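Let us take a walk through this structure together, starting with overall dimensions and then stepping inside. Please have the viewer ready to turn as we go.

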Amino acid sequence: MRRFLSLIVVSLVLLAACDSEPSSMPTVDTGATGATAVTGALPSDAAAIATERGLSPDDIYAALKTYTPSGKTDPYIMISSGGQSGQVLVIGVPSMRILKVIGVFTPEPWQGYGFGGSGDKVLAGGKVNDKDVLWGDTHHPSISETDGSYDGQFAFINDKANARLAVIDLRDFSTKQIIKNPNAINDHGGAFVTPNTEYVIEGPQYASPIGWRYAPLDQYKDKYRGLISFWAFDRTRGRVDVAKSFQIELPPYWQDLCDAGKKVSDGWVFCNSFNTELATGGVEAGNPPYEAGTTKNDTDYLHIINWKKADAVFKAGKVEQINGIAVIRMQTAIDEGLLYFTPEPKSPHGADVTPGGEFVVVGGKLDPHVTIYSVSKMLAAIEAGGLQKDTYGVPVIPLDKAMEAQVELGLGPLHTVYDDRGYAYTSLFLDSAVARWTLGGPYADKHPEKAWTLVQKLPVQYNIGHIAAVEGDTATPGGQFVVALNKWSIDRFANVGPLLPQNFQLVDIAKGGEQMKVLYDMPIGMAEPHYAQIIKADRLKPYEVYPEVGWDAEQMKVDPNAITKADQAKVVREGNQVEVWMTVVRSHFVPEQVKVKQGDHVIWHLTNIERTRDATHGFALSGYNINLSLEPGKTETIEFDAVLPGTFTYYCTEFCSALHLEMLGYFLVEP
Amino acid sequence: MKIPIPHLDSDVKVLLPDGSEHKLIDYLLPSALLMLAALLLMISMFLPYWRLRLYAPQYPKGLAVNVYVNHLEGDMREIDGLNHYLGMPPLDEGGRLERSISIIAIVVLGLLLIAAVFIHNRWAALFALPAVAFPVIFVADLWLILYQYGHSIDPQSALGGAIEAFTPPLMGLGKIGQFATFSSFQPGFYLAIAAVMVMLIGLWFHRAAYKPLVDARKRARNSARTAVAQEVVQ
């Protein structure tokens, strides 16, 4: 019996042995096999390259830290502002490769965004006074958060130029909504989310009369106001809900950058400001220019706003509806205890909450210090009451009752981010450096140095503005890398004419103490980005292809006009309206001939019925300014009047297959 | 054959009509093996029998189709999409009739195997042996489907003129255009083979157990006849 059983086993093993399958394509050498780990000295050919190119050991270290072999992906993804391009950039870290340009406020042909498809609807949300404004000045991206940490579901960004806010869905990295702030003409302190993305905060910048009305500048003090917006975000719909959003009227102090409190400071928002002087400029009339007028006072005001209480005040109806949105008037905000000030040194910049929410760090900009405010001290002072009031009646917490520490870092401290071992990193614009310094309080035990001390100043090239660290503005910072977002690159790249690229510099912060190093220069040749956030790549769960054939990517559900098979394609005429249902697949459109009469109204539904990753097709219709990007599964609808008679072609704008050039059709408009 | 399996009611003996004794296990074993064969065959329905993998530079993970006795699983959509350039029919059209009757056929074969358990003579083989045919028919039919498939290129299609008719191999490497193919039999098929082998072994034990019984009956009958004849003679 045993002999027989073993016979069976042997036979099965023999059969199975015939099935020893290659694990990858058997006839193609992927180049990945046979690699062994390098230990000890450089291999001789690598050493020869280092000599030939004059690379130092530091250079080799930097190369090894950043080089990402083909086929390997980055552990971190940076979502960066695209500055005045109006777009958002997606960049891999540490390879510093651009992965994507997301069309946000500006049409983006490669995404078919703004050329006939559903992107037109999104862009229409950004109309200003019913007029298209097809660019933006994107400043501060903000990834949605849960419990103070990035959850990787959505990203928000503001347009400083026109006070607009955009929502990007990180399932497909495309823009789903743009809203125009009806009461402001510009903004700056946005977007920043509250710890569970209850609200997306859009802080103001240059004061103007609320509701965007006219008032002469000599009425600045009485008529001009700041305005901070709390946009309620509905995660299920992936949209800002204006009806559930509110704004708070502020003094015209040019509020600048904000940050939401978290953990122990959850419920509060902090914004710096820089024109408590109420300067109105007019250098041409002999007045001090803004640059002097706004820097006269020794201190401006850090704004301390109780948003949870404001939310209750809004829900209690103590608001005024202005242009369709609820506004809490400044006096109500003061009376209800929503708004407090505390002095901050001379024209400050940034207001960055520490990971545990205990402190707020404000950069001096024109003062060589960062000032660290203690949330618990400020709350105690508010609790104690008896505060002096400023010109507009806002209670002011004296600096000594709010401040925890000041650290002298150098010239031009702007923004601060954090790592996982108690260090803070501040950009020094004038010194053109990144300062690493130590936090105190609960962070003092995490680093060997003394608390509240400068540890290292690392020169960066040049004129650093914002600074980003891996999850460095969240409750759970990641460490490893900082990116210096430098405004000038001067001599870092080959000369490509007088308009230079910006320089994103990757900085290694993996080792403690004075061991920060610049690793890599990345040119940004399409905009001047402001802020960026770096998220761990595994927090992102984007689609590989849209979940079903016939997906309406704008609504994130199946489109009723989708068709799933070529034999469902059809052209239906009703009166002078012609409706087309078209399938798109390698390498043909169905139908391939569409005939209409001049003046017909054409509604054209296109569905890419592919299910294979990267099998994207484009659809360009000559003469009608139409270009779509149809990713696998996506359905788009275009609608236009066939006003131009003649012979037109439509063709695929993504090189999809060997017969891509043959993927076309004729659109005949009979006169 | 002596099979040393202790503790299986070794004190219980089977008494044959000729008075000879056999162990209980001699009769349980063939029944168990035939039922095991039926069980293996049933399980194989839920596992793939055959798989075709395709590799090309632009498909780093490859493409695969798993063939079950009654359906296909895998990247048929993409393979069909590619094959439309050759004017080939969808994969799902191959072997439709066979797939529609395969479950019934396997159930019938399984029932026949179980029936064989209750037939205690040489006719049991007649019930059990059709199961041998199943994997054989599967392989032959698969080859036929593959042949027809590879010979259905439409010369009027986009690339029909560029690719010659072919038959994807049943096992091992092949090449079609930029695709390397690798075909292999899968656990379902091996289970069916195992079922056949178990069944054959079962039949061997069946014969070992019941041939003595049949012979003993004969002997008993013969000796009875002889006794009657002797009585008649006396």
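What radius of gyration would a compact globule of 234 residues have, and what does chain B have? For a compact globule of that length the value would be near 17 Å, but chain B has 26 Å. Please keep in mind throughout that this is a predicted model.

The dimensions of chain B can be put beside that value. Along its principal axes, the C-alpha trace of chain B spans about 95 × 40 × 25 Å. Of its 234 residues, 29% count as buried. Chain B holds six helices and seven strands, and if you read along the sequence you meet them in the pattern β-β-α-β-β-β-α-α-α-α-β-β-α. Among the contacts in chain B with a separation of 6 or more, 62% are between residues 24 or more positions apart.

Now turn to chain A. Here the globule rule gives another outcome: with 671 residues, a compact globule would have a radius of gyration near 26 Å, and chain A has 29 Å, which agrees. Its C-alpha atoms fill a box of roughly 85 × 75 × 65 Å, taken along the principal axes. In chain A, 48% of the 671 residues count as buried. The secondary structure of this chain comes to nine helices and 45 strands. Residues 24 or more positions apart make up 62% of the contacts in chain A with a separation of 6 or more.

With both chains introduced, let us go back to chain B and look at how some of its helices pack. A good place to begin is helix α1 of chain B, residues 25–44. Its axis and that of helix α6 of chain B, residues 187–233, come within 8 Å and cross at roughly 165°. An angle over 145 degrees counts as roughly antiparallel, and α1(B) and α6(B) are therefore roughly antiparallel to each other. In passing α6(B), α1(B) makes a left-handed crossing. The residues of the contact between α1(B) and α6(B) divide into 20 nonpolar, four polar and one charged.

Helix α1(B) has another partner to look at. It packs with helix α3 of chain B, residues 96–117, at an angle of about 175°, with the axes 8 Å apart. That makes α1(B) roughly antiparallel to α3(B). If you would like to display the contact, select B:Ser31, B:Leu34, B:Met35, B:Ala37, B:Ala38, B:Leu41 and B:Met42 on the α1(B) side. They meet B:Ile106, B:Leu109, B:Gly110, B:Leu113, B:Ile114, B:Ala116 and B:Val117 in α3(B). By class, the contact of α1(B) with α3(B) has twelve nonpolar and two polar residues, and no charged ones.

From α3(B) we can step on to helix α5 of chain B, residues 130–150. The axes of α3(B) and α5(B) come within 9 Å and cross at roughly 160°. That makes α3(B) roughly antiparallel to α5(B), and their crossing is left-handed. On the α3(B) side the residues are B:Glu98, B:Leu109, B:Leu112 and B:Leu113, which meet B:Pro130, B:Ala131, B:Phe134 and B:Asp141 in α5(B). Sorted by class, the contact of α3(B) with α5(B) has six nonpolar, no polar and two charged residues. Notice that B:Leu109 and B:Leu113 take part here and are also listed in the contact of α3(B) with α1(B).

To finish, let us visit two single residues in chain A. A:Gln533 lies in strand β33, residues 532–536. Is A:Gln533 buried or exposed? It has 23 C-beta neighbours inside 10 Å, so A:Gln533 counts as buried. Leaving aside its neighbours within four places in sequence, A:Gln533 is in contact with A:Ile79, A:Pro141, A:Ile143, A:Ala468 and A:Asp473. The C-alpha atoms of A:Gln533 and A:Ser80 are separated by 6.4 Å, although the two are 453 residues apart along the chain.

The second residue is A:Ile325, found in strand β17, residues 325–328. With 19 other C-beta atoms within 10 Å, A:Ile325 is partly exposed, because being buried takes 20 or more. Beyond its neighbours within four places in sequence, A:Ile325 is in contact with A:Pro182, A:Asn183, A:Val242, A:Ser245 and A:Gln247. A:Pro395 is 70 residues from A:Ile325 along the chain, and their C-alpha atoms are separated by 26 Å.

Key: Residues are numbered from 1 along each chain as its sequence is written. Chains are lettered from A and ligands numbered from 1 in the order in which they are written. This is a predicted model: local features need pLDDT of at least 70, side-chain atom pairs count only at pLDDT 80 or more; totals for chains, interfaces and linings use all residues. Helices (H or I, at least four residues) and strands (E, at least two) are DSSP runs, numbered from the N terminus. A residue is buried if 20 or more other C-beta atoms lie within 10 Å of its own, exposed if 12 or fewer, and partly exposed in between; C-beta atoms are placed from the backbone. Two residues are in contact if their C-beta atoms, placed from the backbone, lie within 7 Å. Axes are lines fitted to C-alpha atoms, for helices over the stretch in contact, and angles run from 0 to 180 degrees between N-to-C directions. Angles under 35 degrees count as roughly parallel, over 145 as roughly antiparallel, 65 to 115 as roughly perpendicular and the rest as oblique. A crossing is left-handed if the near helix is turned anticlockwise from the far one by less than a right angle, and right-handed if clockwise. Ala, Val, Leu, Ile, Met, Phe, Trp, Tyr, Cys and Pro count as nonpolar, Asp, Glu, Lys and Arg as charged, and the others, Gly among them, as polar. The radius of gyration is taken over C-alpha atoms; the globule rule is 2.2 Å times the number of residues to the power 0.38.
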